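Grab a viewer and work through a few short exercises. Try each task before you read its solution.

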Amino acid sequence: MKGIIFDFNGTLYWDSQLHYDAWEEYSAILRGIPFTKEEMREKMFGHTNADIIEYAIGKKPTDEMAEKYGKEKEAVYRKRCLENPDLFKLAPGAIELLDYLKAKDVPMTIATMSEWDNVEFYIKEFGLAKWFDIDKIVYSNGKIPGKPAPDIFLIAAKKLNLKPSECVVVEDAIAGINSALAAGIGKVIGIASLEPIEFYKSIDGLDGIIKNFYEFDRTIFSK
């Protein structure tokens, strides 16, 4: 493998519970009752805000509606991030792995379905420019189909000047894993940040499962 593409939410930053709580709160506002756990897993993680809002209200939202509701939900989410300093940090082992990859000049980027307001928030709060070329980060700009469509990882590989088959992807969400597989990514690693290990063992196509980034096999880039 020559390069690596990280999902962000639930992967480099273990915020799945914060997103879960924010969508639970905001989905109740949108439709009267909050999303169930199963709805969160199938309809929320890895999907765009527009797709989630469409599911919640039962019809396709206008662009203005999607932007308004999306910004309101993300404001709830960012507030929760700042109110939970114990959780507001990169995943266990992430800094050490990113430092290693940077020192070894391994091409790397982020491919996230977060929108720019959140990406900008992460860049500032986590100092992501230390490791990543900000111009190569791929995020939800309103034009890229949400995961499990393969587009986001195809774009990310292209930004690294690599073939998808030359890249490793690390993902936590089933939609993201399916997106990477559909893109023809060379190796797809599942990280059990919220779901139990057993959940990932049932997914076809994974090349490995890790509980944190200390367990990431760094020799994958010398093979």
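Here come three exercises on this predicted model.

**Exercise 1.** Work out how the radius of gyration of the protein chain sits against the globule rule.

Solution. Start with the inventory: the chain has nine helices and six strands. Its radius of gyration is 17 Å, and the rule gives 17 Å for 223 residues, so the chain is as compact as a globular protein of that length. Next, look at the box along the principal axes: the C-alpha atoms fill roughly 50 × 35 × 35 Å. Then check burial, where 49% of the 223 residues come out as buried. Finally, take the contacts between residues at least 6 apart in sequence: 65% of them link residues at least 24 apart.

**Exercise 2.** Find where the peptide bond from Lys147 to Pro148 sits, and say whether it is cis or trans.

Solution. Read omega to begin with: it is near 20°, which makes the bond cis. Now locate the proline: Pro148 lies in the loop that runs between β3 (138-140) and α7 (151-159).

**Exercise 3.** Asp105 and Asn161 aren't glycines, so check phi for each. Are these residues buried or exposed?

Solution. Take Asp105 to start: phi is near 60°, a positive value, and the residue belongs to the loop between α5 (94-103) and β2 (108-115). With a cut-off of over 50% for exposed, Asp105 qualifies at 65% relative accessible area. Move on to Asn161, where phi is also positive, near 60°. Its loop connects α7 and β4 (167-171), and at 67% relative accessibility Asn161 is exposed.

Terms used:
Residues numbered from 1 in each chain as written. Predicted model: local features only at pLDDT ≥ 70, side-chain atom pairs only at ≥ 80, totals over all residues. Heavy atoms only, no water. Helix = DSSP H or I, 4+ residues; strand = E, 2+ residues; numbered from the N terminus. Rg over C-alpha atoms; globule rule 2.2 N^0.38 Å. Buried < 20%, exposed > 50% of the residue type's maximum accessible area, 1.4 Å probe, protein only. Contact = heavy atoms within 4.5 Å.
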